[in-house]
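Dear colleague,

I am passing on the structure we spoke about, and the sequence and coordinates are just below. Please look through them first and then read my notes on what was found.

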Amino acid sequence: MKSFSVEEICELLDGELQGSYNKEITGAEQIDRAKSQQITFISSAKYARQWEASEASAAIVKKNISIFPGINRAFIKVENPDLAMAKLLEAFAPEGPVMEEEIHPMATVHPTATLGKGCKIGAGCYIGKNVVLGDGVILYPNVSIFDETTIGNHTVVWSGTVIRERSVIGAHCIFHINVSIGADGFGYRPSDDGRGLVKIPQIGNVIIGDYVEIGANSCVDRGKISSTIVGDGCKIDNLVQIAHNCVMGRSCIMAGHSGLAGSVTLGDGVIIGGSASIKDHTTINSGAIVGAGSGVMNDVSPGKTVLGYPATDSREMLKQWATLRKLARN
């Protein structure tokens with residue numbers, strides 16, 4: 001079990017130490033659940049009020065909060081507790097699963113595939129024709145990579161993930177369990193005789209940038225003709241749908257159960273709340289925010305926050321809800 005002194009943690013976080021605690025810190029926990037020898041986080045006055053009742057021995061505290069640690073307890077004051085927390089949790093993180101063999105004997109690797117230095121391929125993996133894996137790529141057991149796909153250096157793909165043919169995946173990506181990349185887009189038209197639906201071939205591909213993370217059971221469908229694109233640094237939660245020919249800019253965030261219909265365009269830094277849905281051929285410009293549960297039917301201007309179903313300016317929607325609440329009470 002990893003442990004650190006408060007002085008070591010303070011140095012790691014480049015913080016300012018207040019108070020003292022002479023035992024090792026053995027882990028991090030929420031303020032209302034922390035026990036002795038654990039460290040917690042105080043990023044606002046809400047949590048500061050809980051400090052006295054907490055059993056935690058130390059806390060990472062935002063610098064502008066006026067609070068004192070007390071006897072035999074310590075604070076590490078920092079500018080940004082959220083970033084400090086991320087760094088500390090990384091230090092406490094246990095080692096991941098170990099694959100002792102570079103290529104498990106139960107993996108299937110096509111002879112035309114190219115594997116970079118230090119790749120690890122688990123049992124039950126399938127690597128197709130002309131696949132190229134960069135250096136340090138890790139494929140956990142039961143991953144399928146189909147023909148002519150390229151994956152950049154140090155990308156990690158967890159079990160159950162399927163990456164279809166001709167996909168282009170960047171470096172330092174993380175795909176969690178059961179991600180689907182490059183499945184057919186959802187395209188059908190009524191048949192001439194009106195008695196059924198004709199499937200439209202989806203002959204494009206998926207392009208994913210560097211440092212992209214995609215959560216468990218999320219799907220990115222291939223383009224109908226050209227590419228579905230996920231830009232550098234995007235973070236996608238579990239159970240998210242990205243349909244054919246969508247284009248996402250850099251560092252977008254999509255929370256769980258949200259979805260983009262076909263040919264949606266997101267600018268840079270767009271945030272999509274949980275369970276929000278975006279109509280096809282809609283553009284959400286850079287810096288815009290879509291509230292949880294919203295349904296976007298029209299383009300959204302840069303930096304604007306929209307809310308509701310159909311989504312509109314968040315302040316206007318809140319006024320509408322407040323008026324309806326007053327009417328309901330009368």
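Two strands are taken to pair if DSSP finds at least two bridges between them. Please keep in mind throughout that this is a predicted model.

With that in hand, I begin with the sheet of 10 strands, which is open, has parallel pairing and follows the order β6-β9-β12-β15-β18-β23-β26-β29-β32-β35. Its edge strands are β6 (108–109) and β35 (295–296), each of which pairs on one side only. Within this sheet, strand β18 (residues 180–183) and strand β23 (residues 219–221) run in the parallel sense and are joined over 3 bridges, and Ala183 has Asp221 in β23 as its bridge partner.

There is also an open sheet of 5 strands, with mixed pairing and the order β1-β5-β4-β3-β2. Here β1 (16–19) and β2 (27–28) stand at the edges with a single partner strand each, so one side of each is left without a neighbour in the sheet. The pairing of β1 with strand β5 (residues 74–78) is antiparallel and extends over 4 bridges; Gly19, for its part, has Ala74 in β5 as its bridge partner.

Two helices pack against this sheet of 5 strands, and I describe them together. Helix α1 (residues 6–13) touches β1, β3 (38–42), β4 (58–62) and β5, and its direction makes about 5 degrees with that of β5. Helix α3 (residues 81–92), by comparison, lies across β2, β3, β4 and β5 and runs at about 150 degrees to β4.

How do these two helices meet each other? In general, two packed helices are described by the angle between their axes and the distance between the axes. For α1 and α3 the angle is about 125 degrees and the axes are 10 Å apart, and the two helices are therefore oblique to each other. Their crossing is right-handed, and the residues that meet are Ile9, Leu12 and Leu13 from α1 with Ala84, Lys87, Leu88 and Ala91 from α3.

Further along the chain, helix α4 (residues 314–329) has 16 residues and reaches 23 Å from its first C-alpha to its last, which is close to the 22 Å expected at 1.5 Å a residue. The N-terminal end of α4 is capped by Asp313, a side-chain oxygen of which lies 3.1 Å from the backbone nitrogen of Arg315.

Finally, two backbone details deserve a look on your screen. Tyr309 and Pro310 are joined by a cis peptide bond, with omega at about 0 degrees, and Pro310 sits in the loop between β36 (305–307) and β37 (312–313). Gln37, found in the loop between β2 and β3, has a phi near 70 degrees, which is a positive value in a residue other than glycine.

With best wishes

Notes: Residues numbered from 1 in each chain as written. Predicted model: local features only at pLDDT ≥ 70, side-chain atom pairs only at ≥ 80, totals over all residues. Heavy atoms only, no water. Expected span 1.5 Å × (residues − 1). Polar contact = N/O pair within 3.5 Å; in protein donor to acceptor, adjacent residues only side chain to side chain. Contact = heavy atoms within 4.5 Å. Axes fitted to C-alpha atoms, helices over the stretch in contact; angles between N-to-C directions. Parallel < 35°, antiparallel > 145°, perpendicular 65-115°, else oblique. Left-handed = near helix turned anticlockwise from the far one by under 90°.
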